[in-house]
Amino acid sequence: MALEIKENRGIFEIDGNILSPNLGALKIYFENVLESNDSIVISLERVKKMDSSSALFFENIYKYGAERNKNVSIVGRQNNEISEIMRVTKTSYILSSDRV
């Protein structure tokens, strides 16, 4: 499944599979978004599949935002498709309890 990002009022909803080959483009995309926004929400609620590199990528985006005094909220705690990989990689702490 192709990866699609839809933005609506500062909420970036990702739909599809997030895998290692996508990470270079995602890194550039979200670094550019953070240059022009002080606060963003990344929704992983519609992600179908994620590998360990992708879970670590979102942890890095979370930290990247914090280092630049930006608010990066990542939602998707209720997505059973990614909960196991987030737990195994010890990155589930970055997921906000709030739903979009």
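This note sets out numbered points on a predicted model.

1. Nonpolar core. The largest nonpolar core of the model comprises 25 residues. Within this core, the residues with the most contacts are Ile18, Phe30, Ile42, Leu44, Met50 and Phe58. At least two core residues come from each of the following elements: strands S2 (11-18), S3 (39-50) and S4 (71-75), and helices H1 (23-36), H2 (52-67) and H3 (80-88).

2. Leu44 within the core. Leu44 is among the residues with the most contacts inside the core. When neighbours within four places in sequence are set aside, its contacts include Ile14, Ile18, Met50 and Phe58. Leu44 is also in contact with Ile74, Val75, Gly76, Asn79, Ile82 and Leu95 under that exclusion of neighbours within four places.

3. Packing of H1 against H2. The axes of these two helices lie 11 Å apart, and the packing angle is about 20 degrees. H1 and H2 are therefore roughly parallel to each other, since an angle under 35 degrees counts as roughly parallel. The crossing of H1 past H2 is right-handed. On the H1 side, the residues that meet H2 are Leu23, Leu26, Lys27, Phe30, Glu31 and Leu34. Their counterparts in H2 are Ser53, Ser54, Phe57, Ile61, Tyr64 and Gly65. Phe30 thus has a place in this helix pair and is also listed among the residues with the most contacts inside the core.

4. The loop between H2 and S4. This loop holds Asn69 and also Lys70. Asn69 has a phi near 55 degrees, a positive value in a residue other than glycine. Most residues other than glycine have a negative phi. Asn69 counts as exposed because its relative accessible area is 70%, and the cut-off for exposed is over 50%. As for Lys70, its side chain reaches the backbone oxygen of Leu34 at 2.9 Å. Not counting residues up to four places away in sequence, Lys70 touches Leu34, Glu35, Asn37, Asp38 and Gly65. Two of the residues touched by Lys70, namely Leu34 and Gly65, also appear in the meeting of H1 with H2.

5. The loop between S1 and S2. Arg9 is placed in the loop between strand S1 (4-8) and S2. Its phi is near 55 degrees, again a positive value in a residue other than glycine. With a relative accessible area of 76%, Arg9 is exposed.

6. Strands S1 and S2. Lys6 belongs to strand S1, whereas Glu13 belongs to strand S2. Lys6 counts as partly exposed at 44% relative accessibility, and Glu13 counts as partly exposed at 25%. Beyond its neighbours within four places in sequence, Lys6 is in contact with Ile11, Phe12 and Glu13. With that kind of neighbour left aside, Glu13 is in contact with Glu4, Ile5, Lys6, Ser43 and Arg46. The side chains of Glu13 and Arg46 are joined by a polar contact of 3.4 Å. Two C-alpha separations add to this picture: Glu13 and Val33, 20 residues apart along the chain, are separated by 13 Å, while Lys6 and Pro21, 15 residues apart along the chain, are separated by 19 Å.

7. Glu59 in H2. Is Glu59 buried or exposed? At 13% relative accessibility, Glu59 counts as buried, because buried means under 20% relative accessible area. The residue is placed in helix H2. Not counting residues up to four places away in sequence, Glu59 touches Lys90, Thr91, Tyr93 and Ile94.

8. H3 and the loop that leads to S5. Arg87 is found in helix H3 and counts as exposed at 51% relative accessibility; the cut-off for that class is over 50%. Arg87 and Ala55 are 32 residues apart in sequence, with a C-alpha to C-alpha distance of 9.4 Å. Ser92 is found in the loop between H3 and strand S5 (95-96). With a relative accessible area of 28%, Ser92 is partly exposed. Ser92 touches Arg77, Met86 and Arg87, residues up to four places away in sequence not being counted. The C-alpha atoms of Ser92 and Gly76 are separated by 9.6 Å, and the two residues are 16 residues apart along the chain. Gly76 is also one of the residues in contact with Leu44.

How values were computed: Residues are numbered from 1 along each chain as its sequence is written. This is a predicted model: local features need pLDDT of at least 70, side-chain atom pairs count only at pLDDT 80 or more; totals for chains, interfaces and linings use all residues. Side-chain values use heavy atoms; hydrogens and water are left out. A nonpolar core is a set of buried Ala, Val, Leu, Ile, Met, Phe, Trp, Tyr and Cys residues joined through side-chain atoms within 4.5 Å. Buried means under 20% relative accessible area, exposed over 50%, partly exposed in between (1.4 Å probe, protein chains only). Helices (H or I, at least four residues) and strands (E, at least two) are DSSP runs, numbered from the N terminus. Contact means heavy atoms within 4.5 Å. A polar contact is a pair of N or O atoms within 3.5 Å; within protein, one must be able to donate a hydrogen and the other to accept it, and residues adjacent in sequence count only if both atoms are side-chain atoms. Axes are lines fitted to C-alpha atoms, for helices over the stretch in contact, and angles run from 0 to 180 degrees between N-to-C directions. Angles under 35 degrees count as roughly parallel, over 145 as roughly antiparallel, 65 to 115 as roughly perpendicular and the rest as oblique. A crossing is left-handed if the near helix is turned anticlockwise from the far one by less than a right angle, and right-handed if clockwise.
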